[in-house]
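Me: I want a close look at one part of this model: how the strands pair, and what sits around them. Please state each cut-off as you go.

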Amino acid sequence: MLYAIPISFAFLIMPIFISVNFVLKTEGKEKRLCFCVILFGFINIFSGYAETKKEGIYVHYKTKKAFLIKYFSAMKMRGGLKPFNDYHILRLRLITEIGFNDEIILPMIAANFLNQINNLFYIFLMNNKPYFNFNHDVNLIEGEKFLNILGKTTIVFNILTVILSVIKIIIGKIKNEKS
C-alpha cells in the first residue's frame, strides 16, 4: 500500500509515444490518404484511409465502415484543438515524390520551392522547439505524372496530459453553454 501512490503517479507521468505513418497518393483525379497509428512503435492500434468527395472527407477505418467529416464542420474544429497544445510532436519525417513525363523544369522548380520552404520551417522549429526532429526529402521520378507524400510523425504525451485535456474540453463546453 505504501508504494501505491508513487506507482500511480509514475503511471500518470510515464511518456506514451504514438507514431502516425501516412501516405498521400495523388494519381490523376484520385486522392487518397492512407494512415496507420502505432503505439510505442510496434502496437498497431488504428489504420485506414481517407478520401475526398463532394460532401466532405470520408475516413474509412474498417472494411465497409467509414465516417464523414463535412468541410464546414472541419473548419469549426480548429478552435477546438486548443486543449491538445500540450501534446508534443517529437519527429516529422517527410518524403515528397514528384513524378513527371517529359518536361523536368516544372518539377525542378517545385522541388526547389519545397526545399526553400523546408529550410524556413526548419529554422523556425529549431528556434521554437529545439527537441523537434524534422527531415524532408524531395525525389523526382521520371515516367508518369503523380505526387506522393510519405510521412511519419511521433507524438508524446502522458495520462496526466490526457486527463487535463479532457478537463479543458469539459470546461470549454460548460462556458459555451452559459454564453
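Reply: Two strands pair if DSSP finds at least two bridges between them. Strands (E, at least two residues) and helices (H or I, at least four) are DSSP runs, numbered from the N terminus. This is a predicted model: local features need pLDDT of at least 70, side-chain atom pairs count only at pLDDT 80 or more, and totals for chains, interfaces and linings use all residues. Residues are numbered from 1 along each chain as its sequence is written, and side-chain values use heavy atoms, with hydrogens and water left out.

Start with strand 3 and strand 4. Strand 4 covers residues 56-62 and runs antiparallel to strand 3, with 4 bridges joining the two. One bridge partnership sets Thr 52 against Ile 57 in strand 4. The connection is a hairpin, and 3 residues carry the chain through it.

Strand 4 also has a partner in strand 5. Strand 5 spans residues 65-70. These two pair in the antiparallel sense as well, over 6 bridges. Opposite Tyr 58 stands Leu 68, a residue of strand 5. Here too the link is a hairpin, with 2 residues between the strands. Lys 64 sits in that turn and has a positive phi of about 65°.

Now step back to the loop between strand 2 and strand 3, where Phe 40 has its place. Phe 40 is not a glycine, yet its phi is positive, at about 55°. Most residues other than glycine have a negative phi. Phe 40 has a relative accessibility of 36%, so it counts as partly exposed (buried is under 20% relative accessible area, exposed over 50%, partly exposed in between; 1.4 Å probe, protein chains only).

Cys 36 belongs to strand 2. Its relative accessible area is 18%, so Cys 36 is buried. Its C-alpha lies 4.1 Å from that of Ser 47, although the two residues are 11 positions apart along the chain. Leaving aside residues up to four places away in sequence, Cys 36 touches Ser 19, Val 20, Asn 21, Asn 44, Phe 46 and Ser 47. A contact here means heavy atoms within 4.5 Å.

Next, the rings. The structure holds 3 aromatic pairs. Rings of Phe, Tyr and Trp (its six-membered ring) pair if their centres lie within 6.5 Å; planes under 30 degrees apart count as stacked, over 60 as edge-to-face and the rest as tilted. Phe 35 and Phe 46 have ring centres 5.6 Å apart and planes at 25°, so this pair is stacked. Phe 35 is in strand 2 (residues 30-39) and Phe 46 in strand 3 (residues 43-52), so the pair links parts of the chain 11 residues apart. Phe 35 is buried, at 15% relative accessibility. Phe 46 is partly exposed, at 33%. Ring pairs also bring in Tyr 61, which forms a cluster with Phe 35 and Phe 46.

Another pair joins Phe 121 and Phe 134. Their ring centres are 4.9 Å apart and their planes stand at 80°, so the pair is edge-to-face. Phe 121 lies in helix 3 (residues 105-128) and Phe 134 in strand 7 (residues 133-142), so this pair ties together parts 13 residues apart in sequence. Phe 134 is buried, with a relative accessible area of 8%. Phe 121 is partly exposed, at 34%.

Strand 7 has a strand partner too. Strand 6 (residues 88-100) pairs with strand 7 in the parallel sense, and 10 bridges hold the match. Leu 94 stands opposite His 136 of strand 7.

Helix 3 packs onto this pair of strands. The helix has 24 residues and reaches 35 Å from its first C-alpha to its last. Pro 107, Ala 111, Asn 118 and Leu 125 are buried in helix 3. The buried residues of the helix pack against strand 6 and strand 7.

Finally, the setting. The chain has 4 helices and 8 strands. From the N terminus on, the elements run α-β-β-β-β-β-α-β-α-β-β-α. The chain has 179 residues, and 24% of them count as buried. Among contacts in the chain with a separation of 6 or more, 59% come from residues 24 or more positions apart.

Note on methods. Expected span 1.5 Å × (residues − 1).
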